[in-house]
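I opened my notebook for this one with a simple plan: look at the whole chain, then the ligand, then a few single residues. Here is what I looked up, in the order I did it.

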Amino acid sequence: MVTGKEDAANNFARGACSVGLEVVNFVTDSIRQILESCDSFQGFMVFHSVGGGTGSGFTAFVLDDMLEEHGKKCKLEVAIYPAPEISTVVVEPYNAVFSTHATMDHFNVSFIADNEALYRICQNHLDIDSPTYKNINRLVAQAISTITSSIRFGGPLNVDLQEFQTNLVPYPKIHFPLMAYAPVISAKNASHEALTVVSMTRSCFEPQNHMINVNAPVRKGWLPGDRILGQYIACCLLYRGNVVPKEVNAAISFIKNNRSIRFVSWSPTGFKVGINQQRPVEVPGGDLAGVDKCVCLLANTTSVAKAWTVLNHKFDLMFDKMAFVHWYEAEGMELMEMEDARLKRQETARRFRLLQHLLDKRSKLPLNYKRLIYLTIIRPIWTYGVELWGSTKPSNSSRIQSLQSFPTAKRPRCRPKRSPSDAVEREVQGSPGVMLFPPQLEGQVWFGVLSPDCKYCI
Ligand SMILES: Nc1nc2c(ncn2[C@@H]2O[C@H](COP(=O)(O)OP(=O)(O)OP(=O)(O)O)[C@@H](O)[C@H]2O)c(=O)[nH]1
């Protein structure tokens with residue numbers, strides 16, 4: 001354990017440059033010593049908040065230092081993000097944006113939570129009027145314990161750390177899944193609750209049980225005309241305790257058939273499941289009741305863009321007036337760096353929003369915008385392979401593969417009757433007679449006019 005008396009005064013730059021510099025060697029040496037004593041070192045799990053100076057700046061600094069040695073190891077992050085309404089630090093938006101900018105390339109998966117959502121869960125389910133950090137930390141700890149249980153105990157369907165990233169991250173940098181945990185029941189109500197796998201799973205998908213608040217109202221002017229409806233891209237359901245695969249399958253089909261829970265159309269399997277037979281353990285005398293089973297949901301959903309929209313807006317309000325910027329400059333940060341961080345953050349939020357528009361069937365997005373999405377996101381994935389294919393049926397992958405190798409060069413004016421790009425094409429074909437060709441056509445997207453007598457045209 002490394003401790004110190006001086007803090008970073010809520011300043012990312014102080015944690016990342018001046019004060020951080022004094023202790024970074026001591027910290028990295030301690031980490032190295034721990035790693036040397038590991039039998040089977042899988043990767044790092046980093047827990048921090050991004051609102052203050054130490055959690056944001058110093059974490060980024062230490063990670064930079066460790067990168068050379070352990071660049072290939074899996075790095076997971078559990079981060080406390082600024083909540084939309086409650087805030088304990090004025091410069092929180094700066095620290096959060098700089099921290100995300102600095103660590104975006106280091107972390108493979110970032111599980112995000114915010115204190116507002118955690119307070120709400122404690123109030124609604126544990127009947128605590130004024131939750132403290134102890135209450136909310138215990139709740140988050142239960143979820144993290146479920147995530148790591150497969151490393152510590154055996155089970156019929158174990159999930160290791162590497163598998164999270166493969167299953168949860170469909171595109172580079174879209175790696176911010178939300179967390180939900182069930183059951184959250186207070187010790188005094190435990191005897192009244194009937195606990196089934198279906199009910200637990202369903203409650204994880206209810207937005208009010210998510211550990212990040214994505215339901216905050218988007219205020220007028222923040223994102224004109226942009227209604228962010230969450231669509232699940234990929235989910236990990238990690239069960240613990242007295243759970244059998246048959247019950248899990250029933251719960252998943254219940255979720256899939258529930259019309260209020262929306263999934264993207266292009267992720268056919270959508271669920272990664274882990275089952276561990278070790279029952280959850282409660283803190284003696286704690287708020288959470290002891291139960292014989294639990295589930296933790298990790299879900300990559302487009303609704304997370306809402307959280308960033310709120311954060312970016314707050315950042316812009318201050319940065320446009322250059323408010324508080326001198327504190328960061330005084331600690332060695334340059335204005336260019338700050339501007340760069342803002343742009344990178346906006347870019348990530350934009351990518352999430354693009355996906356949302358593309359996937360919403362009622363989308364009125366202009367054709368050129370959809371084409372841009374196809375070019376920048378979808379096509380590279382199809383061309384260079386996507387990790388989610390690992391979980392598709394072999395028959396499906398060979399079909400996708402064969403369609404990718406379709407000798408389109410011979411018929412550059414037509415497309416196959418059925419192609420993996422159907423969903424995209426349906427969206428893109430906003431106007432009659434316009435169509436999109438498969439990605440192999442000399443690195444270009446082709447638009448052409450349908451030929452009525454061509455057997456490859458629909
Ligand atoms: N969930 C949770 N949030 C916390 C806890 N401690 C602090 N926070 C939140 O984390 C954010 C930053 O907290 P600080 O403790 O000021 O940050 P720090 O990383 O220590 O940075 P400096 O104080 O500037 O060195 C605030 O929004 C707090 O509300 C905790 O124990 N649990």
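The entries below go from the whole chain to the ligand and then to single residues.

**Entry 1: the whole chain**

I noted before anything else that this is a predicted model. I then went through the secondary structure and found 14 helices and 7 strands in the chain. Next I looked at burial: of the 458 residues, 52% count as buried. For the accessible surface I got about 21900 Å² for the chain, with 54% of that belonging to carbon and sulfur atoms.

I also wanted to know how the contacts are spread along the sequence. Taking the contacts in the chain with a separation of 6 or more, I found that 80% come from residues 24 or more positions apart.

**Entry 2: the annotated span**

I checked the record too. UniProt, in an unreviewed entry, lists residues 1-155 as "domain: Tubulin/FtsZ GTPase". In the model, that span is 55% helix and 14% strand, and its end C-alpha atoms lie 32 Å apart.

**Entry 3: the ligand**

Which residues are the closest to the ligand? I found N10, T54, G55, Y133 and N137, out of 16 residues that surround the ligand. By class, I sorted this shell into 5 nonpolar, 9 polar and 2 charged residues.

I then went through some polar distances to oxygen atoms of the ligand:

- For Y133, an N or O atom of the side chain is 2.5 Å from a ligand oxygen.
- For N10, the partner is a polar backbone atom, and the distance to a ligand oxygen is 2.6 Å.
- For E92, an N or O atom of the side chain is 3.1 Å from a ligand oxygen.

After these distances I looked at cover. Taken alone, the ligand exposes 630 Å², and the protein buries 74% of that. I next asked which elements give two or more residues to the shell around the ligand. They are α2 (54-70) and α5 (133-152). The largest share, 3 residues, comes from α5.

**Entry 4: A96**

I moved on to A96, which I placed in helix α3, residues 92-103. Is A96 buried or exposed? I count A96 as buried, because its relative accessibility is 0% and the cut-off for buried is under 20%. Leaving out residues up to four places away in sequence, I saw that A96 touches V50, P82 and L311. I also took one long distance: the C-alpha atoms of A96 and I185 are separated by 32 Å, with the two positions 89 residues apart along the chain counted as their separation.

**Entry 5: N167**

N167 lies in helix α6, which covers residues 161-168. Its relative accessibility is 16%, so I wrote N167 down as buried, given that the cut-off is under 20%. I then looked for a polar partner of the side chain. A polar atom of the N167 side chain lies 2.8 Å from the backbone oxygen of E163.

**Entry 6: T301**

My last stop was T301, found in strand β7, residues 293-301. T301 has a relative accessible area of 1%, so I noted T301 as buried too. Its side chain has a polar contact with the side chain of S303, at 2.9 Å.

Definitions and conventions
Residues numbered from 1 in each chain as written. Predicted model: local features only at pLDDT ≥ 70, side-chain atom pairs only at ≥ 80, totals over all residues. Heavy atoms only, no water. Helix = DSSP H or I, 4+ residues; strand = E, 2+ residues; numbered from the N terminus. Buried < 20%, exposed > 50% of the residue type's maximum accessible area, 1.4 Å probe, protein only. Polar contact = N/O pair within 3.5 Å; in protein donor to acceptor, adjacent residues only side chain to side chain. Near = heavy atom within 4 Å. Areas by Shrake-Rupley, 256 points an atom, 1.4 Å probe, with all protein chains shown as cover. Nonpolar A, V, L, I, M, F, W, Y, C, P; charged D, E, K, R; others polar. Contact = heavy atoms within 4.5 Å. UniProt positions renumbered as here; feature names shortened; annotations may be inferred.
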